[in-house]
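Reader: I am new to this structure and should like to understand the terms applied to it. May I put some questions to you?

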Amino acid sequence: MDNKMVLLTLTGPDRTGIIAAVTGHIAEAGARIRDIEQSVTHTLLSLSVLIDFPTGESDQKPLVKELLFLAKELGLDLDFQVLSEAEYRRKTTRNAYVVTILGGEVNALALARVSRILAEHAVNIERISKLTQGQLRCVEFLITTTPDLDVKVMTRKLLHTGASVGVDIAVQKESLYRRAKRLVVMDMDSTLIQVEVIDELARVAGVGEQVAEITERAMNGELDFSGALRERVALLKGLKAEALEQVYRNIPLTPGARNLVTILKRLGFKTAVISGGFQFFTDRLKSDLGLDYAYANGLEIVDGIVTGEVAGTIVDGARKAQLLEEIAGKEGITLDQAIAIGDGANDLPMLGRAGLGIAFNAKARVREQADFHINQQNLDSILYLIGLSEREMAEIAG
């Protein structure tokens with residue numbers, strides 16, 4: 001016979017002892033708890049308990065009556081609903097995803113638009129969590145879907161809607177791997193730092209506009225990366241080596257970069273910078289920030305003068321992806337546990353290989369091809385995508 005279950009929902013002012021009282025009555029009645037969940041928003045409690053009776057359904061009514069009296073004593077409202085075993089199993093076997101909504105402000109319009117799209121796809125919102133303190137700037141939805149939902153179609157609609165209301169949206173499969181990331185690999189130029197190093201060197205060499213134009217086209221995927229790099233480096237011929245140190249001293253880190261690395265290191269993550277720029281700069285960033293790995297191109301210098309040639313193998317898009325795999329393999333980390341962050345077309349292979357690939361303030365063509373893209377001022381905002389709250393970040397950063 002189909003076992004009947006009772007879903008009890010209690011709401012009202014929070015106080016100590018509520019769980020003890022409710023579960024005590026359930027235990028005395030010989031009922032079994034199949035599911036339980038509680039949340040407190042400010043001072044308002046919502047407690048849901050799903051119970052059944054292994055010995056039969058005859059004991060349900062007396063227990064519900066006792067709990068109604070208990071709720072009244074505690075100043076709570078109690079509702080109940082009878083569920084079948086089949087209904088319970090359908091509910092628990094659905095696919096789960098996490099939708100993260102992030103912006104300068106996540107307002108009512110943004111929430112309304114997002115939730116409307118979810119409703120149109122028959123998606124159920126199981127839980128809503130605020131990840132920021134004070135102003136509402138990041139909200140996480142835990143959703144459940146039917147197995148036949150086309151998540152990519154729904155995600156495209158969400159991304160389009162997010163752009164129209166000024167928020168970033170990410171949809172991720174809820175799994176152990178989402179919460180168990182162990183490696184973060186970052187691009188350098190316009191990601192870990194706010195400038196393109198080669199453009200800064202070009203300004204010192206007096207060829208700034210010419211190099212910047214090539215850089216822009218290369219990062220947008222309009223030019224072959226390796227060819228564009230060699231062309232730009234050739235224009236640096238004759239630059240004195242001390243110009244590299246001069247440029248490095250004036251490089252601005254992206255806001256939140258140092259905090260991001262600090263938090264990742266304290267959580268036990270391995271960190272790396274993989275750049276299509278130059279090893280001179282990635283080595284110094286590795287030392288300054290305490291990164292575990294740094295890879296980039298060699299800029300050939302002879303007798304203190306830049307020769308205009310690239311030394312060694314060029315770190316292009318394919319090489320970036322290969323290096324990500326090599327680091328993960330060396331550390332015994334699966335690619336599902338890796339996060340890659342970048343902004344240019346040459347980052348796409350690396351972003352596609354990682355379990356979570358994030359286009360950060362990326363070029364238009366890169367945003368179109370990346371599964372996740374965010375346009376936020378602070379680099380540490382990517383921590384919201386692995387479920388960390390602002391309070392937890394502050395606690396870890398110390």
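**Terms and values**

Author: A polar contact of 2.6 Å links the side chain of Asp148 to the side chain of Thr146. The model is predicted: local features need pLDDT of at least 70, side-chain atom pairs count only at pLDDT 80 or more, and totals for chains, interfaces and linings use all residues. Residues are numbered from 1 along each chain as its sequence is written, and side-chain values use heavy atoms, with hydrogens and water left out.

Reader: What makes the pair Asp148 and Thr146 a polar contact?

Author: A polar contact is a pair of N or O atoms within 3.5 Å; within protein, one must be able to donate a hydrogen and the other to accept it, and residues adjacent in sequence count only if both atoms are side-chain atoms. The pair Asp148 and Thr146, at 2.6 Å, is therefore a polar contact.

Reader: Why is Asp148 called exposed?

Author: Buried means under 20% relative accessible area, exposed over 50%, and partly exposed in between (1.4 Å probe, protein chains only). Asp148 has a relative accessible area of 66%, so Asp148 is exposed. Asp148 is found in the loop between β7 (138–145) and α5 (151–165); helices (H or I, at least four residues) and strands (E, at least two) are DSSP runs, numbered from the N terminus.

Reader: Which residues does UniProt place under the feature "active site"?

Author: The unreviewed UniProt entry gives Asp187 and Asp189. UniProt positions are in the numbering used here, feature names are shortened, and annotations may be inferred rather than shown by experiment.

Reader: Are Asp187 and Asp189 buried or exposed?

Author: Asp187 has 4% relative accessibility and therefore counts as buried. Asp189, with a relative accessible area of 7%, is buried because that value is also under 20%. Asp187 is found in the loop between β9 (183–186) and α7 (188–192), while Asp189 lies in helix α7.

Reader: Which side chains make polar contacts with the side chain of Asp187?

Author: Thr191 does so at 3.3 Å, and Lys320 at 3.0 Å. Asp189, leaving aside neighbours within four places in sequence, is in contact (heavy atoms within 4.5 Å) with residues including Glu196, Ser275 and Asp343.

Reader: How do you know that there is a cavity?

Author: On a 1 Å grid over the protein atoms alone, a cavity is a set of points where a 1.4 Å probe fits but cannot get out; lining residues have an atom within 4 Å of a point. A search of the whole structure finds one cavity of 30 Å³ or more. The largest cavity holds about 120 Å³, a volume being the space filled by probe spheres set on the points, with grid points joined across faces, edges and corners.

Reader: Which residues line the largest cavity nearest its centre?

Author: Of 15 lining residues, Asp189, Glu196, Met219, Gly276 and Gly277 lie nearest the centre. The largest share of the lining, four residues, comes from β10.

Terms used: On a 1 Å grid over the protein atoms alone, a cavity is a set of points where a 1.4 Å probe fits but cannot get out, and a pocket is an open set with protein on both sides within 12 Å along at least five of seven lines; lining residues have an atom within 4 Å of a point.
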